Amino acid sequence: MKSFKGRVLNPGRAKGEALVFNLPFSFIGDMSPKTGEITMVGHPNFGMSVKNKVLVFQTGRGGTIAPYMLYEAVKNNVGPCAILCDNADMLTLECALTVDIPIYDAFGEKITEVLKNGDMVELEPDGTCYVR
């Protein structure tokens with residue numbers, strides 16, 4: 001079992017499968033808030049669900065409606081359980097705070113290169129992430 005420690009932006013406990021994006025991610029247009037499915041045509045994760053996943057991406061992108069889109073996904077019971085970023089932007093932080101899910105970044109190495117789809121990740125409130 002590997003472990004990594006990141007900067008805690010919103011603490012919490014979470015456990016789920018990693019869904020990794022090696023590019024910036026947006027809750028506007030990159031996923032459906034109704035189904036939780038990835039809508040990025042041509043991306044390897046196209047059609048996969050974010051439901052109960054630990055989303056792993058470089059940083060966020062999008063606009064001010066992004067927190068509402070994530071809120072809708074959570075309301076529809078298809079949202080992620082946590083977010084890990086190489087470098088979280090303010091908008092992604094706002095998204096995580098809106099639905100009160102853990103978000104960590106600044107792991108000292110690119111978490112998007114360390115984790116891969118399907119890795120089981122367990123997050124602790126102190127920023128420690130265990131990978132199985």
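**View 1. A106 in the loop between β6 and α3.** In this predicted model, A106 has a relative accessibility of 43% and therefore counts as partly exposed, a class that falls between the 20% limit for buried residues and the 50% limit for exposed ones. The residue is found in the loop that joins β6 to α3, the helix of residues 111-114. Its phi angle is near 55°, which is a positive value in a residue that is not glycine.

**View 2. D100 in the loop between α2 and β6.** D100 lies in the loop that leads from α2, residues 90-99, to β6, residues 103-105. The phi angle of D100 is near 55°, a positive value in a residue other than glycine. Is D100 buried or exposed? Its relative accessibility is 57%, so D100 counts as exposed, the limit for that class being over 50%.

**View 3. E94 in helix α2.** E94 is a residue of helix α2, and with a relative accessible area of 42% it is classed as partly exposed. A view that includes both E94 and N10 brings together two positions that are 84 residues apart in sequence, and whose C-alpha atoms are 9.9 Å apart in space.

**View 4. Helix α1 and the residue that follows.** Which residues of helix α1, spanning residues 66-75, are buried? They are A66, P67, M69, L70, E72 and A73. The elements that cover these buried residues include α2. After α1 comes N77, a residue with a positive phi, near 60°.

**View 5. P33 beside residues of α1.** P33 belongs to the loop between β3 and β4, the latter being the strand of residues 54-57. With 14% relative accessibility, P33 counts as buried, because the limit for that class is under 20%. Leaving aside residues up to four places away in sequence, P33 touches M69, E72, A73, N76 and V78; among these, M69, E72 and A73 are also listed with the buried residues of α1. N77, the residue with positive phi after α1, is 44 residues from P33 along the chain, and the C-alpha atoms of P33 and N77 are separated by 9.4 Å.

**View 6. G12 between β2 and β3.** G12 is found in the loop that connects β2, residues 7-10, with β3, residues 14-21. Its relative accessible area is 16%, so G12 is buried. Which residues does G12 touch, if those up to four places away in sequence are not counted? They are P102, Y104, L123, E124 and P125. For a pair of another kind, the reader may look at G12 and T39, which are 27 residues apart along the chain and whose C-alpha atoms are separated by 28 Å.

**View 7. Aromatic rings.** A search of the whole structure finds four aromatic pairs. One of them is formed by F25 and F27, an edge-to-face pair with 5.2 Å from centre to centre and 85° between the planes. F25 and F27 are both buried. Ring pairs link F21, F25, F27 and F57 into a cluster; of these residues, F21 is within the range of β3, residues 14-21, and F57 is within the range of β4, residues 54-57.

**View 8. The whole chain, for orientation.** The secondary structure of the chain comes to three helices and eight strands, and from the N terminus onwards the elements follow the order β-β-β-β-α-β-α-β-α-β-β. The C-alpha atoms fill a box of roughly 35 × 30 × 25 Å along the principal axes. For 132 residues a compact globule would have a radius of gyration near 14 Å, and the 13 Å found for the chain agrees with that. Of the 132 residues, 52% are buried. Among the contacts with a separation of 6 or more, 72% join residues that are 24 or more positions apart. The chain exposes about 6,300 Å², of which carbon and sulfur atoms supply 52%. There are 13 positive and 15 negative side chains, and the centres of the two sets lie 4 Å apart.

Methods. Residues are numbered from 1 along each chain as its sequence is written. This is a predicted model: local features need pLDDT of at least 70, side-chain atom pairs count only at pLDDT 80 or more; totals for chains, interfaces and linings use all residues. Side-chain values use heavy atoms; hydrogens and water are left out. Helices (H or I, at least four residues) and strands (E, at least two) are DSSP runs, numbered from the N terminus. The radius of gyration is taken over C-alpha atoms; the globule rule is 2.2 Å times the number of residues to the power 0.38. Buried means under 20% relative accessible area, exposed over 50%, partly exposed in between (1.4 Å probe, protein chains only). Contact means heavy atoms within 4.5 Å. Accessible areas come from the Shrake-Rupley method with a 1.4 Å probe; for residues, only the protein chains shown count as cover. Lys and Arg count as positive and Asp and Glu as negative; His and the chain ends are not counted. The place of a charge is taken as NZ of Lys, CZ of Arg, CG of Asp or CD of Glu. Rings of Phe, Tyr and Trp (its six-membered ring) pair if their centres lie within 6.5 Å; planes under 30 degrees apart count as stacked, over 60 as edge-to-face and the rest as tilted.
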